[in-house]
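Here is a short, friendly tour for anyone meeting this structure for the first time. Keep the 3D view open while you read.

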Amino acid sequence: MNFAKSLMLGGAALLVATAGAQAADLPLKAKAVEYVKVCSLYGAGFYYIPGTDTCIKLGGYIRAEYAFNAGGMTETPSWNSNAGQGNRLSNNTIYRSRADVNIDTRTATEYGVVRTYFDSVFTWTTGSDTVANGSLGVFFAFVQFAGFTFGKAVSAFSTPWHGGPGNITSNLLGGDDTSTGINQVSYTAEFGNGVSASISLEDQSGYRWAQGNSGGNISLLNVTPGNGTSTSWLSGLGSYTGTSYSAGTSIPDIVGKVRVDQAWGLFQVSAAAHQIRGGYYNPSNEWSGHPGDKWGYAVLAGLSLKNLPTGPGDSINLDATYADGAIRYVIGGTSPNYFSMFGNNADGVAYQSLALGTAVDGVYVNGGGIETTKAWGIRGAFNHNWNKNWATSIFGAYSSVDYGSTGGALYTAALFNRVGGTFTGNPNFSIAQIGTRTSWTPVKNLTFSGEVMWVHLDQNYTGVTGVTSPGGTKPTAVYQFKDQDTVVGAVRVQRTF
(Lines give C-alpha, C1' and ligand atoms only; values in the text may rest on other atoms or scores of the structure.)
Protein backbone atom coordinates (compact mmCIF):
# COMPACT_ATOMS: atom_id res chain seq x y z
CA MET A 1 0.00 0.00 0.00
CA ASN A 2 2.77 2.38 0.96
CA PHE A 3 4.60 1.39 -2.20
CA ALA A 4 1.61 2.22 -4.45
CA LYS A 5 1.07 5.56 -2.73
CA SER A 6 4.72 6.51 -3.17
CA LEU A 7 4.56 5.63 -6.89
CA MET A 8 1.52 7.83 -7.48
CA LEU A 9 3.01 10.83 -5.70
CA GLY A 10 6.27 10.49 -7.62
CA GLY A 11 4.46 10.36 -10.97
CA ALA A 12 2.43 13.50 -10.14
CA ALA A 13 5.57 15.39 -9.16
CA LEU A 14 7.26 14.36 -12.39
CA LEU A 15 4.25 15.56 -14.44
CA VAL A 16 4.18 18.94 -12.72
CA ALA A 17 7.92 19.40 -13.21
CA THR A 18 7.66 18.56 -16.92
CA ALA A 19 4.73 20.95 -17.47
CA GLY A 20 6.60 23.72 -15.70
CA ALA A 21 9.64 23.24 -17.90
CA GLN A 22 7.51 23.41 -21.06
CA ALA A 23 5.72 26.54 -19.84
CA ALA A 24 9.04 28.24 -19.23
CA ASP A 25 9.88 27.74 -22.90
CA LEU A 26 6.72 29.59 -24.15
CA PRO A 27 6.69 33.42 -24.74
CA LEU A 28 4.97 35.40 -22.05
CA LYS A 29 2.65 37.21 -24.58
CA ALA A 30 2.17 36.72 -28.33
CA LYS A 31 2.91 39.84 -30.45
CA ALA A 32 0.05 41.16 -32.60
CA VAL A 33 0.55 40.64 -36.32
CA GLU A 34 -0.41 43.75 -38.40
CA TYR A 35 -1.97 43.09 -41.77
CA VAL A 36 -2.61 45.52 -44.63
CA LYS A 37 -6.38 45.80 -44.79
CA VAL A 38 -8.54 47.01 -47.65
CA CYS A 39 -10.20 50.40 -47.02
CA SER A 40 -13.58 50.39 -48.73
CA LEU A 41 -14.65 53.84 -47.54
CA TYR A 42 -13.25 55.84 -50.46
CA GLY A 43 -13.40 53.51 -53.44
CA ALA A 44 -11.12 50.92 -55.03
CA GLY A 45 -7.39 50.98 -54.44
CA PHE A 46 -7.35 52.30 -50.86
CA TYR A 47 -5.68 50.45 -47.98
CA TYR A 48 -5.26 51.22 -44.30
CA ILE A 49 -1.77 52.28 -43.32
CA PRO A 50 -0.87 49.57 -40.75
CA GLY A 51 -1.42 50.73 -37.19
CA THR A 52 -3.47 53.79 -38.20
CA ASP A 53 -6.99 54.76 -39.25
CA THR A 54 -5.63 56.55 -42.37
CA CYS A 55 -6.33 55.13 -45.84
CA ILE A 56 -3.81 55.50 -48.65
CA LYS A 57 -3.89 54.98 -52.40
CA LEU A 58 -0.87 54.94 -54.70
CA GLY A 59 -1.23 55.58 -58.43
CA GLY A 60 0.32 57.14 -61.51
CA TYR A 61 1.28 56.38 -65.09
CA ILE A 62 4.19 55.80 -67.45
CA ARG A 63 3.96 57.69 -70.72
CA ALA A 64 5.97 57.70 -73.95
CA GLU A 65 5.15 60.35 -76.53
CA TYR A 66 6.39 61.45 -79.95
CA ALA A 67 5.45 64.73 -81.66
CA PHE A 68 6.04 65.70 -85.28
CA ASN A 69 6.19 69.13 -86.97
CA ALA A 70 6.02 70.52 -83.43
CA GLY A 71 7.44 73.56 -81.70
CA GLY A 72 7.52 71.78 -78.35
CA MET A 73 6.19 68.82 -76.46
CA THR A 74 2.55 68.14 -75.56
CA GLU A 75 1.87 68.81 -79.24
CA THR A 76 2.94 72.47 -79.24
CA PRO A 77 2.32 73.97 -82.71
CA SER A 78 5.09 75.73 -84.61
CA TRP A 79 3.73 79.15 -83.77
CA ASN A 80 6.76 81.07 -82.42
CA SER A 81 10.53 80.99 -81.84
CA ASN A 82 12.67 78.79 -84.12
CA ALA A 83 9.73 76.55 -85.00
CA GLY A 84 7.66 79.57 -86.03
CA GLN A 85 10.53 80.84 -88.16
CA GLY A 86 10.83 77.43 -89.79
CA ASN A 87 14.60 77.39 -89.43
CA ARG A 88 17.01 74.50 -88.95
CA LEU A 89 17.50 75.22 -85.23
CA SER A 90 14.10 73.86 -84.25
CA ASN A 91 13.51 70.31 -83.01
CA ASN A 92 10.53 69.42 -85.18
CA THR A 93 10.52 65.78 -84.06
CA ILE A 94 10.40 65.55 -80.29
CA TYR A 95 10.39 62.64 -77.85
CA ARG A 96 9.16 62.67 -74.26
CA SER A 97 9.20 60.02 -71.54
CA ARG A 98 7.34 60.70 -68.31
CA ALA A 99 6.66 58.89 -65.04
CA ASP A 100 3.88 60.17 -62.79
CA VAL A 101 3.47 59.16 -59.14
CA ASN A 102 0.56 60.27 -56.95
CA ILE A 103 -0.29 59.64 -53.29
CA ASP A 104 -3.81 60.09 -51.90
CA THR A 105 -4.46 59.80 -48.15
CA ARG A 106 -7.78 60.15 -46.31
CA THR A 107 -8.70 60.01 -42.64
CA ALA A 108 -12.22 60.11 -41.21
CA THR A 109 -12.53 62.56 -38.29
CA GLU A 110 -15.32 64.08 -36.25
CA TYR A 111 -15.07 67.14 -38.53
CA GLY A 112 -15.21 65.14 -41.74
CA VAL A 113 -12.57 63.60 -43.99
CA VAL A 114 -9.03 65.02 -43.93
CA ARG A 115 -7.43 64.47 -47.33
CA THR A 116 -3.90 65.06 -48.64
CA TYR A 117 -2.90 64.64 -52.27
CA PHE A 118 0.50 64.76 -53.98
CA ASP A 119 1.24 64.32 -57.68
CA SER A 120 4.75 64.56 -59.11
CA VAL A 121 6.25 63.82 -62.54
CA PHE A 122 9.70 62.87 -63.75
CA THR A 123 10.20 63.88 -67.38
CA TRP A 124 12.79 63.63 -70.14
CA THR A 125 12.18 65.70 -73.29
CA THR A 126 14.17 66.22 -76.49
CA GLY A 127 16.04 69.52 -76.42
CA SER A 128 15.26 70.23 -72.77
CA ASP A 129 17.26 67.63 -70.86
CA THR A 130 20.70 66.07 -70.99
CA VAL A 131 21.43 62.44 -71.86
CA ALA A 132 20.69 61.01 -68.41
CA ASN A 133 19.14 63.88 -66.46
CA GLY A 134 15.49 64.80 -66.82
CA SER A 135 13.32 67.28 -64.93
CA LEU A 136 11.09 67.06 -61.87
CA GLY A 137 7.64 68.63 -61.71
CA VAL A 138 5.13 69.04 -58.90
CA PHE A 139 1.60 69.05 -60.29
CA PHE A 140 -0.44 68.88 -57.08
CA ALA A 141 0.26 69.18 -53.37
CA PHE A 142 -2.73 70.10 -51.21
CA VAL A 143 -4.64 69.46 -48.00
CA GLN A 144 -8.46 69.33 -47.90
CA PHE A 145 -10.43 69.67 -44.68
CA ALA A 146 -14.04 70.68 -43.89
CA GLY A 147 -14.60 71.98 -47.43
CA PHE A 148 -11.32 73.94 -47.58
CA THR A 149 -8.43 73.31 -49.98
CA PHE A 150 -4.94 74.60 -49.13
CA GLY A 151 -2.07 74.24 -51.60
CA LYS A 152 -1.51 73.53 -55.29
CA ALA A 153 -4.69 72.24 -56.91
CA VAL A 154 -6.83 72.87 -60.00
CA SER A 155 -8.44 76.30 -60.18
CA ALA A 156 -12.06 76.73 -59.16
CA PHE A 157 -12.47 78.56 -62.49
CA SER A 158 -11.55 75.53 -64.63
CA THR A 159 -13.90 72.89 -66.00
CA PRO A 160 -13.09 69.23 -65.20
CA TRP A 161 -11.64 68.73 -68.72
CA HIS A 162 -9.44 71.86 -68.50
CA GLY A 163 -7.85 72.33 -71.95
CA GLY A 164 -8.63 68.78 -73.06
CA PRO A 165 -12.32 68.31 -73.92
CA GLY A 166 -11.30 65.41 -76.17
CA ASN A 167 -7.64 65.92 -77.08
CA ILE A 168 -4.21 65.00 -75.74
CA THR A 169 -2.52 68.28 -76.74
CA SER A 170 -1.94 70.82 -73.96
CA ASN A 171 -2.21 73.69 -76.45
CA LEU A 172 -5.91 73.92 -77.28
CA LEU A 173 -6.70 77.58 -76.60
CA GLY A 174 -10.02 79.31 -76.03
CA GLY A 175 -10.38 78.82 -72.29
CA ASP A 176 -8.84 78.05 -68.94
CA ASP A 177 -6.40 75.20 -68.26
CA THR A 178 -4.81 74.64 -64.83
CA SER A 179 -4.37 70.88 -65.19
CA THR A 180 -1.03 70.96 -63.33
CA GLY A 181 -2.32 72.96 -60.38
CA ILE A 182 -2.29 76.53 -59.09
CA ASN A 183 -1.57 77.68 -55.50
CA GLN A 184 -4.76 78.65 -53.69
CA VAL A 185 -6.92 78.82 -50.62
CA SER A 186 -10.48 77.79 -51.52
CA TYR A 187 -13.76 76.67 -49.99
CA THR A 188 -16.36 74.42 -51.62
CA ALA A 189 -19.88 73.94 -50.29
CA GLU A 190 -21.79 70.80 -51.31
CA PHE A 191 -25.58 71.25 -51.42
CA GLY A 192 -26.49 67.70 -52.44
CA ASN A 193 -27.76 66.22 -55.71
CA GLY A 194 -24.47 67.19 -57.42
CA VAL A 195 -24.82 70.95 -56.76
CA SER A 196 -21.80 72.79 -55.37
CA ALA A 197 -20.33 76.29 -55.10
CA SER A 198 -16.73 77.41 -54.59
CA ILE A 199 -14.86 80.59 -53.68
CA SER A 200 -11.08 80.78 -54.07
CA LEU A 201 -8.08 83.07 -53.66
CA GLU A 202 -5.53 82.01 -56.29
CA ASP A 203 -1.92 82.86 -57.08
CA GLN A 204 -1.50 84.98 -60.20
CA SER A 205 1.99 83.76 -61.02
CA GLY A 206 2.44 81.01 -63.57
CA TYR A 207 -0.92 80.39 -65.18
CA ARG A 208 -2.35 83.91 -64.84
CA TRP A 209 0.74 85.74 -66.04
CA ALA A 210 1.69 85.76 -69.70
CA GLN A 211 5.07 84.05 -69.87
CA GLY A 212 7.88 85.23 -72.10
CA ASN A 213 10.86 83.30 -73.45
CA SER A 214 12.71 83.82 -70.18
CA GLY A 215 9.66 82.86 -68.09
CA GLY A 216 9.22 86.42 -66.85
CA ASN A 217 5.94 88.20 -66.21
CA ILE A 218 5.15 90.27 -69.30
CA SER A 219 1.40 90.44 -68.89
CA LEU A 220 1.54 94.15 -69.80
CA LEU A 221 3.46 95.98 -72.53
CA ASN A 222 4.98 99.44 -72.43
CA VAL A 223 4.57 100.40 -76.09
CA THR A 224 5.93 103.95 -75.92
CA PRO A 225 7.04 104.79 -79.48
CA GLY A 226 10.81 105.00 -79.62
CA ASN A 227 11.44 102.59 -76.76
CA GLY A 228 13.21 99.31 -77.33
CA THR A 229 15.16 97.91 -80.27
CA SER A 230 14.19 96.53 -83.64
CA THR A 231 14.95 92.98 -82.50
CA SER A 232 12.42 93.03 -79.65
CA TRP A 233 9.29 93.67 -81.68
CA LEU A 234 8.41 90.03 -82.27
CA SER A 235 8.46 89.20 -78.56
CA GLY A 236 5.93 91.83 -77.58
CA LEU A 237 7.28 95.31 -78.31
CA GLY A 238 8.71 95.63 -74.83
CA SER A 239 11.44 98.06 -73.82
CA TYR A 240 13.94 95.24 -73.39
CA THR A 241 13.61 91.64 -74.47
CA GLY A 242 12.81 89.36 -71.53
CA THR A 243 12.21 92.22 -69.07
CA SER A 244 9.17 92.19 -66.77
CA TYR A 245 6.71 94.97 -67.59
CA SER A 246 4.20 94.11 -64.91
CA ALA A 247 4.62 94.82 -61.23
CA GLY A 248 4.61 92.11 -58.58
CA THR A 249 1.38 90.69 -57.22
CA SER A 250 -0.57 92.60 -54.59
CA ILE A 251 -3.97 90.84 -54.49
CA PRO A 252 -4.56 87.23 -55.59
CA ASP A 253 -7.16 86.42 -58.21
CA ILE A 254 -10.62 86.12 -56.66
CA VAL A 255 -12.50 83.20 -58.23
CA GLY A 256 -16.02 81.86 -57.81
CA LYS A 257 -17.85 78.87 -59.30
CA VAL A 258 -21.26 77.19 -59.28
CA ARG A 259 -21.47 73.65 -60.66
CA VAL A 260 -24.20 71.05 -61.25
CA ASP A 261 -22.74 67.55 -61.80
CA GLN A 262 -25.32 64.80 -62.34
CA ALA A 263 -25.85 61.61 -64.36
CA TRP A 264 -26.93 63.52 -67.49
CA GLY A 265 -23.77 65.64 -67.47
CA LEU A 266 -22.41 68.87 -66.02
CA PHE A 267 -23.09 72.60 -66.12
CA GLN A 268 -20.77 75.20 -64.65
CA VAL A 269 -20.51 79.00 -64.41
CA SER A 270 -17.27 80.61 -63.20
CA ALA A 271 -16.04 84.18 -62.68
CA ALA A 272 -12.69 85.71 -61.72
CA ALA A 273 -11.41 89.16 -60.73
CA HIS A 274 -7.78 89.81 -61.72
CA GLN A 275 -5.70 92.79 -60.53
CA ILE A 276 -3.52 94.44 -63.21
CA ARG A 277 -0.41 96.30 -62.00
CA GLY A 278 2.01 97.97 -64.36
CA GLY A 279 5.74 98.30 -63.75
CA TYR A 280 7.68 101.56 -63.84
CA TYR A 281 7.68 103.59 -67.04
CA ASN A 282 11.46 103.29 -66.90
CA PRO A 283 12.07 99.73 -65.63
CA SER A 284 15.32 100.75 -63.90
CA ASN A 285 14.13 103.97 -62.23
CA GLU A 286 11.21 104.14 -59.80
CA TRP A 287 11.18 107.97 -60.04
CA SER A 288 9.78 107.55 -63.55
CA GLY A 289 6.36 106.65 -62.12
CA HIS A 290 3.93 103.94 -63.20
CA PRO A 291 0.38 103.55 -64.52
CA GLY A 292 -2.45 103.20 -61.99
CA ASP A 293 -3.68 99.75 -61.02
CA LYS A 294 -6.78 98.34 -62.71
CA TRP A 295 -9.04 95.32 -62.35
CA GLY A 296 -9.70 92.81 -65.08
CA TYR A 297 -12.19 89.97 -65.06
CA ALA A 298 -13.16 86.73 -66.78
CA VAL A 299 -16.35 84.65 -66.97
CA LEU A 300 -16.85 81.07 -68.16
CA ALA A 301 -19.77 78.77 -68.95
CA GLY A 302 -19.15 75.04 -69.37
CA LEU A 303 -21.44 72.19 -70.43
CA SER A 304 -20.90 68.43 -70.64
CA LEU A 305 -23.51 66.02 -71.99
CA LYS A 306 -23.25 62.29 -71.29
CA ASN A 307 -25.23 59.15 -72.17
CA LEU A 308 -25.73 60.29 -75.75
CA PRO A 309 -27.80 58.23 -78.18
CA THR A 310 -24.69 57.78 -80.36
CA GLY A 311 -23.28 55.13 -78.01
CA PRO A 312 -22.38 54.14 -74.45
CA GLY A 313 -19.84 56.48 -72.89
CA ASP A 314 -20.10 59.09 -75.65
CA SER A 315 -19.92 62.72 -74.54
CA ILE A 316 -19.87 66.34 -75.70
CA ASN A 317 -17.76 68.84 -73.74
CA LEU A 318 -18.05 72.59 -74.41
CA ASP A 319 -16.90 75.78 -72.71
CA ALA A 320 -16.93 79.47 -73.62
CA THR A 321 -14.91 82.21 -71.92
CA TYR A 322 -14.77 86.03 -72.07
CA ALA A 323 -12.04 88.14 -70.48
CA ASP A 324 -11.27 91.85 -70.14
CA GLY A 325 -7.81 92.56 -68.79
CA ALA A 326 -7.37 88.90 -67.78
CA ILE A 327 -6.36 87.35 -71.08
CA ARG A 328 -4.71 84.22 -69.71
CA TYR A 329 -8.15 82.86 -68.87
CA VAL A 330 -8.67 82.59 -72.67
CA ILE A 331 -5.13 82.28 -74.12
CA GLY A 332 -4.02 80.10 -71.23
CA GLY A 333 -2.53 76.81 -70.20
CA THR A 334 1.00 76.18 -71.46
CA SER A 335 0.59 78.47 -74.49
CA PRO A 336 3.00 81.40 -75.00
CA ASN A 337 2.10 85.08 -74.76
CA TYR A 338 3.18 85.85 -78.31
CA PHE A 339 2.83 84.19 -81.71
CA SER A 340 5.04 84.87 -84.75
CA MET A 341 4.80 82.59 -87.76
CA PHE A 342 6.70 82.99 -91.04
CA GLY A 343 5.75 81.57 -94.46
CA ASN A 344 6.84 81.56 -98.07
CA ASN A 345 3.54 82.94 -99.47
CA ALA A 346 4.77 86.54 -99.79
CA ASP A 347 3.27 87.27 -103.28
CA GLY A 348 6.70 88.29 -104.56
CA VAL A 349 6.64 91.63 -102.72
CA ALA A 350 8.80 90.61 -99.76
CA TYR A 351 11.34 88.05 -98.62
CA GLN A 352 8.72 86.12 -96.62
CA SER A 353 5.25 86.50 -95.11
CA LEU A 354 4.57 86.94 -91.41
CA ALA A 355 1.67 86.75 -88.93
CA LEU A 356 1.84 88.28 -85.45
CA GLY A 357 -0.23 87.90 -82.28
CA THR A 358 0.57 89.20 -78.79
CA ALA A 359 -1.55 88.03 -75.84
CA VAL A 360 -1.27 90.39 -72.86
CA ASP A 361 -3.65 91.93 -70.32
CA GLY A 362 -3.08 95.44 -71.70
CA VAL A 363 -0.73 98.11 -73.04
CA TYR A 364 0.41 101.51 -71.79
CA VAL A 365 2.82 104.32 -72.71
CA ASN A 366 5.03 106.54 -70.57
CA GLY A 367 2.78 108.84 -68.56
CA GLY A 368 -0.39 106.98 -69.56
CA GLY A 369 -2.80 104.47 -68.07
CA ILE A 370 -3.42 100.83 -68.92
CA GLU A 371 -5.58 100.05 -71.94
CA THR A 372 -6.92 96.53 -71.37
CA THR A 373 -7.28 93.89 -74.05
CA LYS A 374 -10.44 91.84 -74.49
CA ALA A 375 -10.58 88.20 -75.50
CA TRP A 376 -13.13 85.50 -75.99
CA GLY A 377 -12.89 81.85 -76.87
CA ILE A 378 -14.91 78.70 -77.35
CA ARG A 379 -13.73 75.11 -77.52
CA GLY A 380 -15.18 71.65 -77.37
CA ALA A 381 -15.15 68.04 -78.48
CA PHE A 382 -17.38 65.15 -79.42
CA ASN A 383 -16.08 61.88 -77.99
CA HIS A 384 -17.31 58.60 -79.48
CA ASN A 385 -16.62 55.02 -78.37
CA TRP A 386 -16.72 52.58 -81.28
CA ASN A 387 -16.47 49.71 -78.81
CA LYS A 388 -14.73 48.97 -75.50
CA ASN A 389 -11.31 49.13 -77.19
CA TRP A 390 -11.54 51.94 -79.77
CA ALA A 391 -12.54 55.62 -79.38
CA THR A 392 -12.36 58.74 -81.54
CA SER A 393 -12.70 62.44 -80.70
CA ILE A 394 -13.21 65.46 -82.92
CA PHE A 395 -12.20 68.67 -81.17
CA GLY A 396 -11.70 72.34 -81.96
CA ALA A 397 -11.33 75.85 -80.59
CA TYR A 398 -11.56 79.48 -81.67
CA SER A 399 -9.92 82.37 -79.78
CA SER A 400 -10.09 86.10 -80.52
CA VAL A 401 -8.10 89.01 -79.03
CA ASP A 402 -9.16 92.67 -79.35
CA TYR A 403 -6.96 95.61 -78.28
CA GLY A 404 -9.68 98.23 -78.72
CA SER A 405 -9.28 101.44 -80.69
CA THR A 406 -6.99 103.25 -78.23
CA GLY A 407 -4.84 100.27 -77.27
CA GLY A 408 -4.61 99.13 -80.87
CA ALA A 409 -3.45 102.56 -82.02
CA LEU A 410 -0.74 102.65 -79.33
CA TYR A 411 0.52 99.20 -80.28
CA THR A 412 0.51 99.95 -84.02
CA ALA A 413 2.39 103.24 -83.52
CA ALA A 414 5.10 101.38 -81.60
CA LEU A 415 5.26 98.65 -84.25
CA PHE A 416 5.57 101.16 -87.09
CA ASN A 417 8.29 102.99 -85.17
CA ARG A 418 10.30 99.76 -85.04
CA VAL A 419 9.79 98.24 -88.50
CA GLY A 420 8.54 101.04 -90.76
CA GLY A 421 6.89 100.08 -94.03
CA THR A 422 3.52 100.65 -95.67
CA PHE A 423 1.22 98.46 -93.60
CA THR A 424 -2.19 99.28 -92.11
CA GLY A 425 -4.48 97.57 -89.63
CA ASN A 426 -4.42 96.72 -85.93
CA PRO A 427 -2.92 94.10 -83.58
CA ASN A 428 -6.18 92.15 -83.13
CA PHE A 429 -5.82 88.48 -83.99
CA SER A 430 -7.61 85.14 -83.75
CA ILE A 431 -6.50 81.52 -83.67
CA ALA A 432 -8.60 78.65 -85.02
CA GLN A 433 -7.79 75.02 -84.19
CA ILE A 434 -9.38 71.75 -85.23
CA GLY A 435 -8.19 68.18 -84.80
CA THR A 436 -8.98 64.55 -84.21
CA ARG A 437 -7.74 61.84 -81.88
CA THR A 438 -8.14 58.07 -82.05
CA SER A 439 -7.20 55.74 -79.20
CA TRP A 440 -6.87 51.98 -78.83
CA THR A 441 -7.06 50.31 -75.42
CA PRO A 442 -6.19 46.61 -75.95
CA VAL A 443 -6.18 45.91 -72.21
CA LYS A 444 -7.40 47.89 -69.24
CA ASN A 445 -5.33 51.02 -68.46
CA LEU A 446 -3.03 50.66 -71.50
CA THR A 447 -3.84 53.14 -74.27
CA PHE A 448 -2.23 53.97 -77.63
CA SER A 449 -3.32 57.38 -79.00
CA GLY A 450 -2.73 59.22 -82.26
CA GLU A 451 -3.70 62.85 -82.83
CA VAL A 452 -3.37 65.56 -85.48
CA MET A 453 -4.34 69.24 -85.25
CA TRP A 454 -4.52 72.13 -87.74
CA VAL A 455 -3.84 75.68 -86.49
CA HIS A 456 -4.64 78.95 -88.30
CA LEU A 457 -3.33 82.35 -87.11
CA ASP A 458 -5.51 85.17 -88.50
CA GLN A 459 -3.87 88.59 -88.05
CA ASN A 460 -5.16 92.04 -89.00
CA TYR A 461 -2.24 93.87 -90.55
CA THR A 462 -2.06 94.34 -94.33
CA GLY A 463 0.97 95.44 -96.32
CA VAL A 464 4.70 95.15 -95.81
CA THR A 465 7.32 96.21 -93.30
CA GLY A 466 10.28 98.35 -94.11
CA VAL A 467 13.73 96.81 -94.32
CA THR A 468 13.98 95.42 -90.81
CA SER A 469 15.55 92.67 -88.75
CA PRO A 470 12.97 90.44 -87.03
CA GLY A 471 15.61 88.64 -84.98
CA GLY A 472 16.47 84.97 -84.80
CA THR A 473 17.92 83.64 -88.03
CA LYS A 474 15.78 85.85 -90.25
CA PRO A 475 17.75 88.28 -92.42
CA THR A 476 17.26 92.02 -92.55
CA ALA A 477 14.66 92.35 -95.29
CA VAL A 478 11.09 93.35 -96.16
CA TYR A 479 8.31 91.10 -94.80
CA GLN A 480 4.65 90.91 -95.80
CA PHE A 481 1.90 90.61 -93.18
CA LYS A 482 -0.24 87.57 -93.96
CA ASP A 483 -2.20 84.82 -92.18
CA GLN A 484 -0.36 81.57 -91.45
CA ASP A 485 -1.20 77.88 -90.99
CA THR A 486 0.51 74.87 -89.47
CA VAL A 487 -0.26 71.23 -88.70
CA VAL A 488 1.04 69.31 -85.68
CA GLY A 489 0.63 65.71 -84.57
CA ALA A 490 1.53 63.33 -81.77
CA VAL A 491 1.51 59.65 -80.85
CA ARG A 492 1.26 58.59 -77.19
CA VAL A 493 1.52 55.32 -75.28
CA GLN A 494 0.34 55.41 -71.66
CA ARG A 495 0.06 52.77 -68.97
CA THR A 496 -1.93 53.93 -65.94
CA PHE A 497 -1.73 52.15 -62.59
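Is Asp319 buried or exposed? Asp319 is buried, because its relative accessibility is 1%. Bear in mind that this is a predicted model.

## The chain as a whole

Let's start with the big picture. The chain has 497 residues, and 47% of them count as buried. There are three helices and 23 strands in it.

Now for contacts and surface. Among contacts with a separation of 6 or more, 67% are between residues 24 or more positions apart. The accessible surface adds up to about 23,300 Å², and carbon and sulfur atoms own 61% of that.

## Asp319 and its salt bridge

Back to Asp319. Its side chain meets that of Arg379 in a salt bridge, at 3.1 Å from N to O. This pair ties together distant parts of the chain: Arg379 sits in strand β18 (residues 374-385) and Asp319 in strand β13 (residues 315-324), 60 residues apart. Arg379 has a relative accessibility of 2%, so it counts as buried too.

## Other salt bridges

In total, the count comes to eight salt bridges. As a rule, side chains of opposite charge can pair when their charged atoms come close.

Take Asp347 and Lys482, whose closest N and O atoms are 2.8 Å apart. Asp347 is in the loop between β14 and β15, while Lys482 is in the loop between β22 and β23 (484-496), 135 residues away along the chain. Asp347 is exposed because its relative accessible area is 54%, whereas Lys482, at 24%, counts as partly exposed. Elsewhere, Asp104, Arg106 and Arg115 are joined into one network by salt bridges that share partners.

Then there's Arg277, which forms a salt bridge with Asp293, with 3.5 Å between the closest N and O atoms. Both residues lie in the loop between β11 (265-276) and β12 (294-306), 16 residues apart. Arg277 is partly exposed, at a relative accessible area of 27%, and Asp293 is partly exposed as well, at 43%.

## A nonpolar patch on the surface

Which residues make the nonpolar surface patch of about 1,100 Å²? The members are Tyr111, Val143, Phe145, Phe148, Phe150, Val185, Tyr187, Ile199, Leu201, Ile251, Ile254 and Trp295. Four strands each supply at least two residues of this patch: β5 (135-145), β6 (148-153), β7 (182-192) and β8 (195-202).

Zoom in on Leu201, which is found in strand β8. Leu201 has a relative accessible area of 43%, so it is partly exposed. A patch residue needs over 30% relative accessible area, and Leu201 with its 43% clears that bar.

## Aromatic pairs

Rings meet in plenty of places here: a search of the whole structure finds 23 aromatic pairs. Two patch members, Tyr111 and Phe145, make one of them. Their ring centres are 6.2 Å apart and their planes stand at 70 degrees, so the pair is edge-to-face. Tyr111 comes from the loop between β3 (93-109) and β4 (112-125), and Phe145 from strand β5, so to speak a meeting of distant parts of the chain, 34 residues apart. Tyr111 counts as exposed because its relative accessibility is 59%, while Phe145, at 32%, counts as partly exposed.

Tyr351 and Tyr479 form another edge-to-face pair, with 5.9 Å from centre to centre and 90 degrees between the planes. Tyr351 is in the loop between β14 (338-343) and β15 (352-358), and Tyr479 is in strand β22 (residues 479-481), 128 residues apart. How do the two partners sit? Tyr351 is partly exposed at 45%, but Tyr479 is buried at 1% relative accessibility. You can also look for an aromatic cluster made by Phe416, Phe423, Tyr461 and Phe481.

## A three-stranded sheet

One last stop is an open sheet of three strands, in the order β9-β16-β17, with mixed pairing. The edge strands are β9 (220-222) and β17 (371-372), each pairing on one side only.

How many bridges join β9 and strand β16? There are three, and the two strands pair in the parallel sense, with β16 covering residues 362-364. To find one of the contacts yourself, look at Leu220: its bridge partner in β16 is Gly362.

Methods:
Residues numbered from 1 in each chain as written. Predicted model: local features only at pLDDT ≥ 70, side-chain atom pairs only at ≥ 80, totals over all residues. Heavy atoms only, no water. Buried < 20%, exposed > 50% of the residue type's maximum accessible area, 1.4 Å probe, protein only. Contact = heavy atoms within 4.5 Å. Areas by Shrake-Rupley, 256 points an atom, 1.4 Å probe, with all protein chains shown as cover. Patch = residues over 30% accessible without salt bridge, like charges linked within 9 Å, V, L, I, M, F, W, Y side chains within 5 Å. Salt bridge = Lys/Arg side-chain N within 4 Å of Asp/Glu carboxyl O. Pairing = 2+ DSSP bridges. Phe/Tyr/Trp six-rings, centres within 6.5 Å; stacked < 30°, edge-to-face > 60°.
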